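Visitor: Please pick one part of this model and take me through it closely. I would like to know what it packs against and how, and where it sits in the whole.

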Amino acid sequence: MRLVAVDERAAAEGLIVGMPLADAKGLVPHLTVREIDRAYTARVFSDFADWHSNASPLVSVLTDLGEWGDLVLDITGVSHLFGGEAAMLSRLMARLETLGLAVTGAIAPTIGGAWALAHYGGAQVVEDGLNALLAPLPVAALRLTAAQCEGLHQLGLKRIGQLYGRDRRGLQARFGESLLAKLDQALGYAEERLVPRLPVTELYMERRFAEPIGLIDDVLMTVRDLALQLADRLGRDGQGAQAFHLFLYRVDHKVMTLSVNAARATRDAAHIARLFVHRAERLEGEYDAGFGIDTIRLAAGSLAALGETQIGAFETDDGAASLDQLYDRMTSRLGPLAVLRTEMVDSHIPERAVRLTPVIASTVQADAPPVIAAPRPLRLLPQPEPINVLAEVPDAPPVQMVWRRVTYRFVKASGPERIGVEWWQAGQPLALTGPAPPAVPGGSFAEPYSEGEQTRDYYIAEDDGGRRFWIFRQGLFGLAAAPRWYLQGVFA
Amino acid sequence: MPGDKHAKLDTLRQQITAIAAQPALRDTAHTVVGGGLLATPRGVLHEVYADTPRDGGAALGFALAQAGLLIESGRPAVLYVQMSADAQELGLPYGLGLGLFGLDPRQLVLIRTAGIAELLWAIEEAIACRAVAAIVADIAHPHKALDFTASRRLSLRAAAAGASVLMVRYARDRETSAARYRWRISPVQSRPPPFDDRAPGLPRWQVTLEKGSLDGQHIVSPEGEALVVDWTRHGFARVAADDRTGGARRTAPLSGAISAALGDGLSQAS
């Protein structure tokens, strides 16, 4: 058991991170020791990280050397709001120190450089001359693994400055690519991106409260006001937005996020507010205000130019805009996979020929759907159901079938329509709708390509009650081991 | 005076009996122009009943046909609402098969909800949109939430907004509802196309209007039977009585030798 973290007083007594617990207790007999719960700490730390989005929208937790402890903020273009980079750094650190946390920080042009300086240099702000400042730091400041560090020490390379100008291929062969990647990232020769935890937004309106609020109705009322302000600002810029995010900053430094999407760029404040009302109805157990919410921010992402909307005297209003708003409201209340549109796919396998895509996400299709001469059923079952069929071999139409434990006798049939295998898609599973229904016994459809096994013969069969079914046989007699019959659709 | 009152009551009773005795579908020799056979006004709530989910194709076909007749330039969209749990039992509308009903697959939007409350909410939201022509709701099993109050609410909203709602249900019993029209659809053997007398032809249904009346439209039923219609691309077409058993030459099942390979499956098949 080793020490993972020590506070100032323990460090003053000579304890360091990584020391075995027995040695530590020997050094300091009256030591207070707690066992770390890593998952809990990681979670709390990432919640805490979200709170920093009120300083900069791009916040991320660096998990290179541990799941918690390193917070990266991209402050490009934000520092002037705080009075400069140095002022911003000191303010953020002071804010955390008042909460009782031990903090160091650094601002640098690259993530790797900032990390190195924060951990191994002092708290500082670096504009240029990063190479010179990094040179005297130990190689562990490059976020290398323990094995790599030890290897470098054995070679006598203890400072970052000693790595400058070395033979890269030798280093790569000995230590792997990650060493060179980290070095280049720290010096700025390679790009390192951070993945922001919260959605990136381009414009926001914010309201702070003197007293924290908690009820969802009060939150929604504030959202209405903020939506009006946001719409006003978007109107002045001639823009509309498609993604709206609501950030609720709690008093205990956690953030709740709600997002809604619109099918087309909009700045209609009433519509935006209504979308959030519907979204809130879908929340159920997720809304937890804790000790209260003290800041609410409504942000807009995916901005696009949106001119003045006018309905001219001679234009016919085909209602597309009101339909889009209807779909937005339904999506925000029922979920993104609930409102679907049929999209035609260029495939001759029937269940692949159409795809159900969310209306919000679908792009406008310019081409007309392909015209298929053969009749197609009105209803398609998401999973074809296996049936027992009597039919004359090799390819006569079915005479009788048993489906869902009921027998049907056919009086008319037409077919077969032979649909071959798409050999370029062999092995891929076929799915008609998003959420997969439970697996139907009788074989899967993700089988390797085999023409005799997988060619289908489709029949339209009408029974004595007038019901018309779309039935297929998978596998050709003589070429397949056991041809199977399935019912895939029902005609009108 | 009491005698007058009794006389008046008797007259009223006779009038009511006369009205109730008239069948909903009355006799005529010709179809009505400017609306077509079985065309209904806008903004009404329909209930389309089929006996079992096996007849689901016919019921949905009728509902989509009616919805297609209601599309116009200012109202281009038709919505189909279903609960996700019913998808495998009933099936989903297939885009490539909608052309027969005058619907562009890009115009039909499918809405899959988790429960009956959300389904009713979705129907109400869709009615409020002025670009929706009709909403077809496909409900496989009876629900407690579909009571008289819910149907009255939907019919009032539909009348106010001008969008029709067609609720497709599968049951033999009828519940009280405020729907203005109640149809019962069952499939009927179709007339085979001229080039192949063993193939199925145009969809053919037996349509009974159990509740409501289509004013000004007189539909054939001389013997008091239900109406049998074909659905062609351009609307409903009445089927004459002598043509009812389409392909009467072939009422027996198709004959053919049964392969020995299927012999072991016969016991399950019968």
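Guide: A crossing of two helices is called right-handed if the near helix is turned clockwise from the far one by less than a right angle, and left-handed if it is turned anticlockwise. The term is needed below. The model is a predicted one, and the part chosen is helix H11 of chain A, residues 269–281.

The length of the helix comes first. H11(A) has 13 residues, which at 1.5 Å a residue should span 18 Å; the C-alpha atoms at its ends are 19 Å apart, in agreement with that figure.

One partner of H11(A) is helix H10 of chain A, residues 216–237. The two axes are 8 Å apart and meet at an angle of about 155°. The cut-off for roughly antiparallel is an angle over 145 degrees, so H10(A) counts as roughly antiparallel to H11(A). The crossing of H10(A) past H11(A) is right-handed. On the H10(A) side, the contact is made by A:Ile216, A:Leu220, A:Val223, A:Arg224, A:Ala227, A:Leu228 and A:Ala231. H11(A) contributes A:Ala269, A:Ile272, A:Ala273, A:Phe276, A:Val277 and A:Ala280. By class, this contact of H10(A) with H11(A) holds twelve nonpolar residues, one charged residue and no polar ones. Residues three or four places apart in an α-helix point the same way, because there are 3.6 residues a turn.

Another partner is helix H12 of chain A, which runs over residues 320–334. Here the angle is about 25° and the axes of H11(A) and H12(A) are 7 Å apart. The two helices are therefore roughly parallel to each other. From H11(A), the residues that meet H12(A) are A:His271, A:Arg274, A:Leu275, A:His278, A:Arg279 and A:Glu281. Their counterparts in H12(A) are A:Gln325, A:Asp328, A:Arg329, A:Ser332 and A:Arg333. This contact of H11(A) with H12(A) is made up of six charged, four polar and one nonpolar residue.

Burial can be set beside these contacts. The buried residues of H11(A) include A:Ala269, A:Ile272, A:Ala273, A:Phe276 and A:Ala280, which also take part in the contact with H10(A). A:Arg274, A:Leu275 and A:Arg279 are buried too, and these three belong to the residues that meet H12(A). The cover over the buried residues of H11(A) includes H10 and H12 of chain A, along with strand S6 (239–250) and strand S7 (255–266).

As for the setting, chain A has 14 helices and 16 strands. Of its 492 residues, 31% are buried. Among contacts in chain A between residues at least 6 apart in sequence, 57% join residues at least 24 apart.

Chain A also offers residues elsewhere to set beside the helix. A:Ser60 is in strand S1 of chain A, residues 58–61, and counts as buried because it has 20 C-beta neighbours inside 10 Å. A:Ser60 touches A:Val72, A:Leu194, A:Val195, A:Pro196 and A:Arg197, leaving aside residues up to four places away in sequence. A:Ala49 is eleven residues from A:Ser60 in sequence, and their C-alpha atoms are 7.2 Å apart.

The loop between strand S12 (398–403) and strand S13 (406–419) of chain A holds A:Arg404, and A:Arg405 lies in the loop between S12 and S13 as well. Phi is positive at A:Arg404, near 50°, and also at A:Arg405, near 65°. A:Arg404 is exposed, with 10 other C-beta atoms within 10 Å, and A:Arg405 counts as exposed with 6 C-beta neighbours inside 10 Å.

Chain B completes the setting. Chain B has six helices and ten strands, and 41% of its 270 residues are buried. Where the chains touch, the contact takes 60 residues from chain A and 65 residues from chain B. Elements of chain B that each supply at least two residues to its side include helix H2 (56–69), strand S4 (108–113) and helix H4 (116–128). S4(B) gives the most to that side, with six residues. The side of chain B that touches chain A divides into 33 nonpolar, 20 polar and twelve charged residues.

Conventions: Residues numbered from 1 in each chain as written. Chains lettered and ligands numbered in written order. Predicted model: local features only at pLDDT ≥ 70, side-chain atom pairs only at ≥ 80, totals over all residues. Axes fitted to C-alpha atoms, helices over the stretch in contact; angles between N-to-C directions. Helix = DSSP H or I, 4+ residues; strand = E, 2+ residues; numbered from the N terminus. Parallel < 35°, antiparallel > 145°, perpendicular 65-115°, else oblique. Contact = placed C-beta atoms within 7 Å. Nonpolar A, V, L, I, M, F, W, Y, C, P; charged D, E, K, R; others polar. Buried ≥ 20, exposed ≤ 12 C-beta atoms within 10 Å, placed from the backbone. Expected span 1.5 Å × (residues − 1).
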